[in-house]
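Thank you all for making time this morning. I would like to walk through one model with you, beginning with a few individual residues and ending with the overall picture, so please keep the view on the screen in front of you.

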Amino acid sequence: MTAQLDTAWESRAQALADELEARGDLTDPAWKAAVAATPRHVLVPKVYEQGTTGEWHSVDVASPSGLDRVYSPTTLITALADRGTHHESISSSTKPDLMVRMLETLDVHDDHTVLEIGTGTGYNAALLTHRLGAERVFSVDLDVELIDPARERLASIGLHPTLVTRDGAEGLREYAPFDRIIATCSVPTVPRAWCDQLSDGGLLLADIKAGPTAGNLVLLRRDSDRIEGRFTDRWATFMQMRHQHEQPRTLHPPTDAGARTRTTNTPPDPWQHNRVVWFLAHFTGLPNGVRHGMRFDPDTRQPTAGTITAPDGSHAFVMLEPTPDGTWSVTESGPTPLWLAVEEAHQMWRAAGEPGWFCLGLTVTAGDQWVWIDEPHGKHQWSLTI
């Protein structure tokens, strides 16, 4: 730790703060001061990168190149889990540009108490503590293996927020209510505990994902017995919130049985180029647990098709190169016509005036949660599964 602190991290942290301000991600002087004052390298002593072969390797954080990476607007993978056949990332330090945008969106005032769901490395807790003081910052994470090191690293730089090992869905009832709640993990619905622990008039910023990359950050305000708000203009995504004793979903291998090829007017890979449509497709027929991916040319290693796979083995792939008439070739197999749901979502999106994220909103009551376009009780609304 001493060797790391002897490096010229102050100039790097200041340069990061200046860069975030110049890019427009950072406008509040208080948050800029927090970024400049926080030694991120202390909070992320272990960083992993994935090579082109899929193998993970560690980054020497103390090296000049490692420090340059730490003090850049980059997401850092900080913990891996052994899945037997491969390693999987389970914790990260969020991109600083996204983190400060979220903090500014949350509209934190100096007298607020804040609950963070997903402590991770403790970097965001450090920014919050620098701004508000330790007595107003609370953070939870699932694993003691994350919480204890984060507490020690924060203490080593003089910061002592309240960190608790707990399933994030439970919140932190013993310290509620909170003026602000921020979740740095994705959830399919808003946990009831977060709503109950938010003060009346308080704000909650969460990443709602109906499926992989299918959703966005939503800023919700509590008004008596409901919380409601709109999705943010700029898209972002986080790792899914984990729970104790979680069992992996059973997936059947993709099947080619009964393959059906046709053309489609719906552009391929909406999870990259039209994420609103991809989100809406999860309300128009895509089953839970779908995954998207790409097919690659074995010789050039260039992508040739977007793919969707469902847990029941249903599969669809859409060629990225359009046909001469401007359509795309799609092949579906298995019992569920996956691309049909995407087509219906695309048609609905067009009929609704091609809305962007800020036209979409979310309402949460004690018994229901629903996504809507334009207004909570308008023509377009869909229930989230609670």
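Asp269 counts as buried, at 6% relative accessibility, and it sits in the loop that runs between strand E12, residues 260–264, and helix H10, residues 270–273. I should say at once that this is a predicted model, and what I describe is to be taken in that light. The backbone at Asp269 has a positive phi of about 40°, although Asp269 is not a glycine. As background, most residues other than glycine have a negative phi, and most peptide bonds are trans.

Where else does a residue other than glycine have a positive phi? Glu354 is one such place, with phi near 55°, and it is found in the loop between helix H12, residues 338–351, and strand E17, residues 360–364. Whereas Asp269 is buried, Glu354 counts as partly exposed, with 40% relative accessibility.

Staying with the backbone, there is a cis peptide bond between Ala176 and Pro177, with omega about 5°. Pro177 belongs to the loop between strand E7, residues 162–165, and strand E8, residues 178–187.

Let me turn to the helices. In helix H3, which covers residues 29–37, the buried residues are Trp31, Lys32, Ala34, Val35 and Ala36, and a lysine is thus listed alongside a tryptophan, a valine and two alanines. What covers these buried residues of H3 includes helix H2 (9–22), helix H6 (96–105) and helix H7 (123–132). At its N-terminal end, H3 is capped by Asp28, one of whose side-chain oxygens lies 2.8 Å from the backbone nitrogen of Ala30.

Helix H7, which we have just met as part of that cover, has nine of its 10 residues buried, so it is largely enclosed by the rest of the structure. The buried set includes the polar residues Asn124 and Thr129 and also Arg131, together with, among others, Leu127, Leu128 and Leu132. After H7 comes Gly133, where phi is positive, near 95°.

Which residues does Ala281 touch, once its neighbours within four places in sequence are left aside? They are Leu286, Ala341, Val342 and Ala345. Ala281 itself is found in helix H11, residues 275–281, and it is buried, with a relative accessible area of 0%. For a sense of distance, Ala281 and Thr78 are 203 residues apart in sequence and 32 Å apart in space, taken from C-alpha to C-alpha.

One strand residue deserves a word as well. Thr309, in strand E14, residues 303–309, has a relative accessible area of 19% and is buried, a call that falls just inside the cut-off of under 20%. Its side chain makes a polar contact, at 3.0 Å, with the side chain of His315.

Finally, the whole protein. The secondary structure comes to 12 helices and 19 strands. The radius of gyration is 22 Å, close to the 21 Å that the globule rule gives for 386 residues, so the protein is as compact as a globular protein of that length. Of those 386 residues, 52% count as buried, and among contacts between residues at least 6 apart in sequence, 57% join residues at least 24 apart. As for charge, there are 33 positive and 51 negative side chains, and the centres of the two sets lie 1 Å apart.

Key
Residues are numbered from 1 along each chain as its sequence is written. This is a predicted model: local features need pLDDT of at least 70, side-chain atom pairs count only at pLDDT 80 or more; totals for chains, interfaces and linings use all residues. Side-chain values use heavy atoms; hydrogens and water are left out. Helices (H or I, at least four residues) and strands (E, at least two) are DSSP runs, numbered from the N terminus. The radius of gyration is taken over C-alpha atoms; the globule rule is 2.2 Å times the number of residues to the power 0.38. Buried means under 20% relative accessible area, exposed over 50%, partly exposed in between (1.4 Å probe, protein chains only). Contact means heavy atoms within 4.5 Å. Lys and Arg count as positive and Asp and Glu as negative; His and the chain ends are not counted. The place of a charge is taken as NZ of Lys, CZ of Arg, CG of Asp or CD of Glu. A polar contact is a pair of N or O atoms within 3.5 Å; within protein, one must be able to donate a hydrogen and the other to accept it, and residues adjacent in sequence count only if both atoms are side-chain atoms.
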